[in-house]
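Got your viewer open and a selection tool at hand? Let's take a walk through this one, stop by stop.

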Amino acid sequence: MAKRILVVEDNDLNRKLFCDVLRAKGYEVLGCADGNAVIESARRFRPDLAIMDIQLPHVSGLDLIAQMKADGELSAVPVLAVTAYAGTGDEDRIRAAGAEDYLAKPVSIGPFSAKVIALIGE
């Protein structure tokens with residue numbers, strides 16, 4: 001059975017790119033553009049990994065990571081944060097929210113794929 005990956009990204013082009021790359025590698029993927037729907041979508045989809053944009057409209061990716069980590073059904077799901085924020089202290093804040101790893105945008109496919117494989121255990 002294919003591993004499942006939830007991709008939370010409000011930018012249509014980025015979300016499509018991440019989803020297409022992951023599907024091409026054999027993963028089952030659910031893209032989610034609406035930050036307000038992430039927790040419920042994650043509960044239904046039961047992902048093995050979440051890829052989380054940090055800057056989302058209406059809700060912070062940091063808050064969503066913290067909500068996932070506080071949720072009994074989702075707390076064990078590893079999170080790869082992907083963000084344009086790459087300033088001093090940003091990675092520390094992202095990891096403090098509960099993300100297991102972090103990539104700064106723009107994302108290159110090689111490092112992106114390597115981090116996904118490392119987090120999903122394949």
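Before the first selection, one cut-off to keep in mind: a residue counts as buried when its relative accessible area is under 20%. Also bear in mind that you're looking at a predicted model.

**Stop 1: strand E3.** Select residues 49–53, which make up strand E3. How many of its five residues are buried? Five of the five, so by that cut-off of under 20% the strand is mostly covered. Now switch on the side chains. Leu 49, Ile 51 and Asp 53 point one way from E3, while Ala 50 and Met 52 point the other way.

**Stop 2: the neighbouring strands.** Add residues 4–8, and you have strand E1, which runs parallel to E3 and is joined to it by four bridges. To find your place, click Ile 5: its bridge partner in E3 is Leu 49. Next, add residues 79–83 for strand E4, also parallel to E3 and also joined to it by four bridges. Here the residue to click is Ile 51, which stands opposite Leu 80 in E4.

**Stop 3: the crossover.** Keep E3 and E4 on screen and bring in residues 61–70, helix H3. What do E3, H3 and E4 make together? They form a right-handed β-α-β unit.

**Stop 4: Thr 83.** Still in strand E4, pick Thr 83. This residue is buried, with a relative accessible area of 0%. Show what surrounds it: leaving out residues up to four places away in sequence, Thr 83 touches Asp 53, Ile 54, Ile 94, Tyr 102, Leu 103, Ala 104 and Lys 105. You met Asp 53 back in E3, among the residues on the Leu 49 and Ile 51 side.

**Stop 5: the aromatic pair.** The model has one aromatic pair. Select Phe 18 and Phe 112: their ring centres are 4.9 Å apart and their planes are at 15°, so the pair is stacked. Which helices hold these two rings? Phe 18 lies in helix H1 (residues 12–24) and Phe 112 in helix H5 (residues 109–120), so the pair ties together parts that are 94 residues apart in sequence. Both rings belong to buried residues: Phe 18 has a relative accessible area of 4%, and Phe 112 has 0%.

**Stop 6: a charge over a ring.** Finally, select Arg 4 and Phe 45. Arg 4 lies over the face of Phe 45, at 4.9 Å from the ring centre. Arg 4 also takes you back to strand E1, which covers residues 4–8.

Methods. Residues are numbered from 1 along each chain as its sequence is written. This is a predicted model: local features need pLDDT of at least 70, side-chain atom pairs count only at pLDDT 80 or more; totals for chains, interfaces and linings use all residues. Side-chain values use heavy atoms; hydrogens and water are left out. Rings of Phe, Tyr and Trp (its six-membered ring) pair if their centres lie within 6.5 Å; planes under 30 degrees apart count as stacked, over 60 as edge-to-face and the rest as tilted. Buried means under 20% relative accessible area, exposed over 50%, partly exposed in between (1.4 Å probe, protein chains only). A charge sits over a ring if NZ of Lys or CZ of Arg is within 6 Å of the ring centre and within 35 degrees of the ring normal. Two strands pair if DSSP finds at least two bridges between them. A crossover is right-handed if, with the strands pointing away from the viewer, the path from the first strand over the helix to the second runs clockwise. Contact means heavy atoms within 4.5 Å.
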